[in-house]
Amino acid sequence: LAKELYPIHRSITGEGVRKSLKVIKKFIDILEIKSYKSGEKCFDWEIPPEWSIKSGWIKDLKGNKVIDLHDNNLHVISYSDRVQGVIKREELMKKVYTIPNQPNAIPYITTYYDRNWGFCISENQKKEMKDDYYEVNIDSDFDDAGEMNYGEILIPGNSEKEVLLSTYICHPSMANNEISGPVVSAFVS
């Protein structure tokens, strides 16, 4: 289950979440897949538009890809707006995020409520980016008529007491919670 879930690109909404829930349902057939519409109020929160992304990359001007979303799901900030063009290095670096004290790690960043865009790379990758200009591309869309999906299981017991197990799958390629949580929960049920 973990091997199937890990490579799926997903955010808080979108096809990756639906695909992930269908994978989990293969292991737990009693899982009910439910949804809220984008814009719907859920307590003090409003469901954001559904976000989808086709591609995201940075290339040098010779056409060599420096980073590519298809190589690592974390390379594009989740909920990034669409962008395309050639950008001066100094300007691009304002949109590139790293974890300086973990030079091989790629951070996970999201921009659910602020239309923005950016890339996440390792500090070591950033140090290799020395050209004056780079071509950038994020091919993404927002759907105000979309939805946020979630899974739910209710297992009746012999007691009136209720036990809640909660986990989430909204961050891609993170084994320590968005993979381990659903996997453990799947096999507890």
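**Overall architecture and local features of the predicted model**

The chain contains 5 helices and 10 strands, where helices (H or I, at least four residues) and strands (E, at least two) are DSSP runs numbered from the N terminus. The model is a predicted one, in which local features need pLDDT of at least 70 and side-chain atom pairs count only at pLDDT 80 or more, while totals for chains, interfaces and linings use all residues. Residues are numbered from 1 along each chain as its sequence is written, and side-chain values use heavy atoms, with hydrogens and water left out.

Along the principal axes, the C-alpha atoms occupy a box of roughly 65 × 35 × 25 Å. Of the 189 residues in the chain, 43% are buried; buried denotes under 20% relative accessible area, exposed over 50%, and partly exposed the range in between (1.4 Å probe, protein chains only). Among contacts with a separation of 6 or more, 71% join residues 24 or more positions apart, a contact being defined by heavy atoms within 4.5 Å. The exposed area of the chain is about 11,200 Å², of which carbon and sulfur atoms supply 50%; accessible areas come from the Shrake-Rupley method with a 1.4 Å probe, and for residues only the protein chains shown count as cover. The chain carries 24 positive and 29 negative charges, and the mean positions of the two sets are 4 Å apart. In this count Lys and Arg are positive and Asp and Glu negative, whereas His and the chain ends are not counted. Each charge is placed at NZ of Lys, CZ of Arg, CG of Asp or CD of Glu.

Helix H5 (residues 175–188) has a kink of about 25° at Gly181, shortly before the proline Pro182. The bend at a residue is the angle between axes fitted to the seven residues ending there and the seven starting there. Both Gly181 and Pro182 belong to the buried residues of H5, together with Glu178, Ile179, Val183 and Ala186. The cover over the buried residues of H5 includes helix H1 (2–5) and helix H2 (15–27).

Most residues other than glycine have a negative phi. Ser173, in the loop between strand S10 (147–152) and H5, has a positive phi near 50°. With a relative accessibility of 13%, Ser173 counts as buried. Phe43 also has a positive phi, of about 60°, although it is not a glycine. Phe43 lies in the loop between strand S2 (41–42) and strand S3 (45–46) and is exposed, with a relative accessible area of 82%.

The structure holds 7 aromatic pairs. The rings of Trp51 and Tyr79 are stacked, with centres 5.5 Å apart and planes at 25°. Rings of Phe, Tyr and Trp (its six-membered ring) pair if their centres lie within 6.5 Å; planes under 30 degrees apart count as stacked, over 60 as edge-to-face and the rest as tilted. The pair joins distant parts of the chain, 28 residues apart: Trp51 is in strand S4 (residues 50–60) and Tyr79 in the loop between strand S5 (65–68) and strand S6 (83–88). Trp51 is buried at 4% relative accessibility, and Tyr79 is buried at 1%. Tyr79 also forms a tilted pair with Phe142, at 5.8 Å centre to centre and 55° between the planes. This second pair likewise links distant parts of the chain, as Phe142 lies in strand S9 (residues 133–143), 63 residues from Tyr79. Phe142 is partly exposed, with a relative accessible area of 22%. Trp51, Tyr79 and Phe142 belong to one aromatic cluster with Tyr112 and Tyr113.

Asn116, in the loop between S7 and S8, is in contact with Tyr79, Ser80, Asp81, Lys95 and Thr111, leaving aside its neighbours within four places in sequence. The C-alpha atoms of Asn116 and Val83 are separated by 9.5 Å, at 33 residues along the chain. Asn116 is partly exposed, with a relative accessible area of 23%. Pro103 is also placed in the loop between strand S7 (96–97) and strand S8 (119–120), and counts as partly exposed at 33% relative accessibility. Residues up to four places away in sequence not being counted, Pro103 touches Ser122, Glu123 and Asn124. The C-alpha atoms of Pro103 and Asn124 are 5.4 Å apart in space, with their positions 21 residues apart in sequence.
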